[in-house]
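The following exercises are intended for a reader meeting this structure for the first time. Each task is followed by a solution in steps.

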Amino acid sequence: MSALLEIDDLRIEATSYPPGEKPRDVTIVDGVSLRLERGRVMGLIGESGAGKSTIGLSAMAYGRGGVRITGGAVRLNGTDILSGGARGLRRLRGKAVTYVAQSAAAAFNPARRLMEQVIETTLAQGIPRSEAEARAVTLFARLGLPDPDTIGSRYPHQVSGGQLQRVMTAMALCPGPELVIFDEPTTALDVTTQIEVLAAIKEAIRDTGVAALYITHDLAVVAQVADDIMVLRHGKMVECGATAQIIGAPREDYTRALVSVRQVTHPEKSAAADPLLRIEAVTARYRGLALDVLKDITLDLAPGRTLAVVGESGSGKSTLARVITGLLPPAAGSVRFDGRDLSPALSGRSKNDLRELQMIYQMADTAMNPRQTVATIIGRPLEFYFGLRGAERDRRVAELLDEIELGKGFSDRYPAELSGGQKQRVCIARALAARPRLIICDEVTSALDPLVADGILRLLQRLQQEEGVAYLFITHDIATVRAIADEIAVMHRGRVVRQGPKAQVLSPPFDDYTELLLASVPEMREGWLEEVIATRKAATPEGTRA
Amino acid sequence: MSRIPLSALIGLVITAAFFGAALLAPWIAPYGMAEVAGGVWDPSSPEHWLGTDSIGRDLLSRMIWGGRITIFVALAATLVAFATGVFLGFLAAVSGGWVDQALSRLVDLLMSIPALIMALVILSVMPVTLPVLIAVMGLIEATRVFRLSRAVAADIEVMDYVEAARLRGEGMVWVIFREILPNALSPLVAEAGLRFIFMVLFISTLSFLGLGVQPPLADWGGIVRENKDGIVYGVPAALFPAVAVAALAISVNLVADWILTRTSSLKGGRG
């Protein structure tokens, strides 16, 4: 019997339009082959740009945004789907093969009820509405959604992000497909939510016996759901094998690097006597909202140390950064910096206050003006704070570029001509140019691939040793915290639930939330997910899981 | 800028021809603007390619001189509209609060009055000279530009790099001219093309109604007005300026469309 899905020597190209050059064809996927048996799950893993989503979509003969399949064959149940024509594809898509997208919030039509959208493709096959709805309700229950009978009558904004992702999985399973493509289904979720969605997806795959392609960049996640893993890089296959072999005994160097990322370690330094930054009893709210986003926050940060603020989205950690920088004056409490009170509003701060407190953003893409060259971006703080001009300024820009390991050849480039990691490095150089004493790092590595993120963390650590700058490191990623922090503050719903030196915060006894948070971080071994779920079921009585 | 589509190329050539004729009017016009060179409404002949007008002036020369004035007034008014509209729009977006409220409500108020009626009322009490005409047209049209630039700037204003500039302590001038303007330029340039066409139509309408360019100066709308009675006798003199207005509008539109698609394409956007 032939495999369910066979991809042979697939070649995918697209036309790229580099600024100022002639358009040229680039190869996105080059000579990738894979076989997927019925009821099996294959994980496709790689950095951004590795071609993993493109390969996934090719299983339904779809090329996103001008992408063309130029060679090879894709066979489903032995039939070549690339030569099937539009009519053949219509029969295939939404019936034999379905798709779960990364951002459920963006994939649902906000104006229609969930049930309508979940059964849409099922109805299109001529199955009666009552039967389709019954199927959907069964799937809702199987995916652990609350009120499976009535949740379908809600609108997308009335359920949480994790629930929406499960509804989308129900949508994909409803027509009874043979193959489901999961494209980073949990990447946009918090770790505590991710684990539930992951467990639901895994159970649903097992119960329905459907085959799946699971696309992600997180090896620890894919290790929980996949039977086999294919590692991709630059559109080529690096290694393919059983999950246990890939994580236990990787053959290729690149896979080994992926398995062992987060090699950055940071011995904890004890706090010095006088704090550089002291946040005292800060309460903050946004205008027009009756809700306190931050409640009575008190934190200290010593010079040259790193304080990691950890929490899931909505916990108020970015709001804390806005309060410290003066973008959001607090409703109560004060921010003291180097022994002096900082004005609550940005307009009341002196140039020196502004200089000593710099910020690095999550999305380096939007943090740099696309119409300015790297030299302007880094040179402006030099001009603005120190009055450096001309050759003196250029010399300092070159120095800074050396410090961030890029070199002065980069000074004439525009942000669009840099890679993600290089962009973040330029943002670091811009912050550094001001010779700050504190840099607020707001999720600076979460938009980057793991190996690139490691490089950034290493750079930040080196700079801390050389310049003695303190970091306030905002993140949701526990692994990053382990790598870089001296002190940790865990935030949950606007409060600091736990704080102290790293070793103390990360060792028992834990409070409930920190325990949940730590236990939710995927570990790179098979069977971890089942263990966690089993522990939780044992700890909480049936039906009361948060 | 690799390949120019055919439609845009046609637009560019015709637009360039109009602008060229306007610039070179003193050298290429066969007769003077107000020179009586033949009989009333002579048909076309080797001496007068388009014939003569209602009082015997050479129509081709009138067209060339008229085009010069039409294009000059429309261009100047567009510049006035953009200089005020863009600056105030950006200011409103960047300042927010009561500055934004005051400016936006004032613009709403002005926009609630039909542009043509407002222009007619203002021009009927003011001396109708070219500077007044340009200022009135420019300021009325500036309300439209204000709305667009405020919307564009509001999109850019929430970007992290603008926040980074504020955190650095940059003033309003830097934020408006160095952070926002360069990134807003492509949609604004495309809009300028469209606004220029509206200005051509606007000045032609005003002149046709007698409140635009005053004799002895001529513009296309004025030429239509002078020769409109000829249509009853089968004299096509009034049609030439009408065709010229349409041709200029369409050709500039083709160019503006091309700029718009080029700058709003997925990749080329603000990169």
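Helices, of at least four residues, and strands, of at least two, are DSSP runs numbered from the N terminus. The model examined here is predicted.

**Exercise 1. State what the chain is made of over residues 67-256 of chain B, and how far apart the end C-alpha atoms are.**

Step 1. The range is taken from a record: an unreviewed UniProt entry annotates residues 67-256 of chain B as "domain: ABC transmembrane type-1".
Step 2. Over this range, helix accounts for 82% of the chain and strand for 0%.
Step 3. The C-alpha atoms at the two ends of the range are 20 Å apart.

**Exercise 2. Determine which strands of chain A are the edges of the sheet E12-E11-E14-E15.**

Step 1. Four strands of chain A, in the order E12-E11-E14-E15, make up an open sheet with antiparallel pairing.
Step 2. Strand E12 (294-301) and E15 of chain A each pair on one side only, and are the edge strands.
Step 3. E15(A) is joined to E14(A) by two bridges, and the two strands run antiparallel.
Step 4. A:Phe337 has A:Arg340 in E15(A) as its bridge partner.

**Exercise 3. Find the residue of E5(A) that stands opposite A:Leu76.**

Step 1. Another open sheet has four strands of chain A in the order E2-E1-E4-E5, with antiparallel pairing.
Step 2. Its edge strands are strand E2 (24-36) and strand E5 (79-80) of chain A, each of which pairs on one side only.
Step 3. Two bridges link strand E4 (residues 68-76) of chain A to E5(A), and these strands run antiparallel.
Step 4. The residue opposite A:Leu76 in E5(A) is A:Thr79.

**Exercise 4. Decide whether A:Glu184 is buried or exposed, and do likewise for A:Asp338.**

Step 1. Most residues other than glycine have a negative phi.
Step 2. A:Glu184, which is not a glycine, has a positive phi of about 50°; A:Asp338 also has a positive phi, near 55°.
Step 3. A:Glu184 lies in the loop between strand E7 (179-183) and helix H8 (191-208) of chain A, while A:Asp338 lies in the loop between strand E14 (332-337) and strand E15 (340-341) of chain A.
Step 4. Buried means under 20% relative accessible area, and partly exposed lies between that value and 50%.
Step 5. With a relative accessible area of 8%, A:Glu184 is therefore buried; with 37%, A:Asp338 is partly exposed.

**Exercise 5. Locate the cis peptide bond from A:Pro508 to A:Pro509.**

Step 1. Most peptide bonds are trans.
Step 2. The bond from A:Pro508 to A:Pro509 is cis, with omega near 0°.
Step 3. A:Pro509 is placed in the loop between helix H20 (502-505) and helix H21 (512-519) of chain A.

How values were computed:
Residues are numbered from 1 along each chain as its sequence is written. Chains are lettered from A and ligands numbered from 1 in the order in which they are written. This is a predicted model: local features need pLDDT of at least 70, side-chain atom pairs count only at pLDDT 80 or more; totals for chains, interfaces and linings use all residues. Side-chain values use heavy atoms; hydrogens and water are left out. Buried means under 20% relative accessible area, exposed over 50%, partly exposed in between (1.4 Å probe, protein chains only). UniProt positions are given in the numbering used here, feature names are shortened, and annotations may be inferred rather than shown by experiment. Two strands pair if DSSP finds at least two bridges between them.
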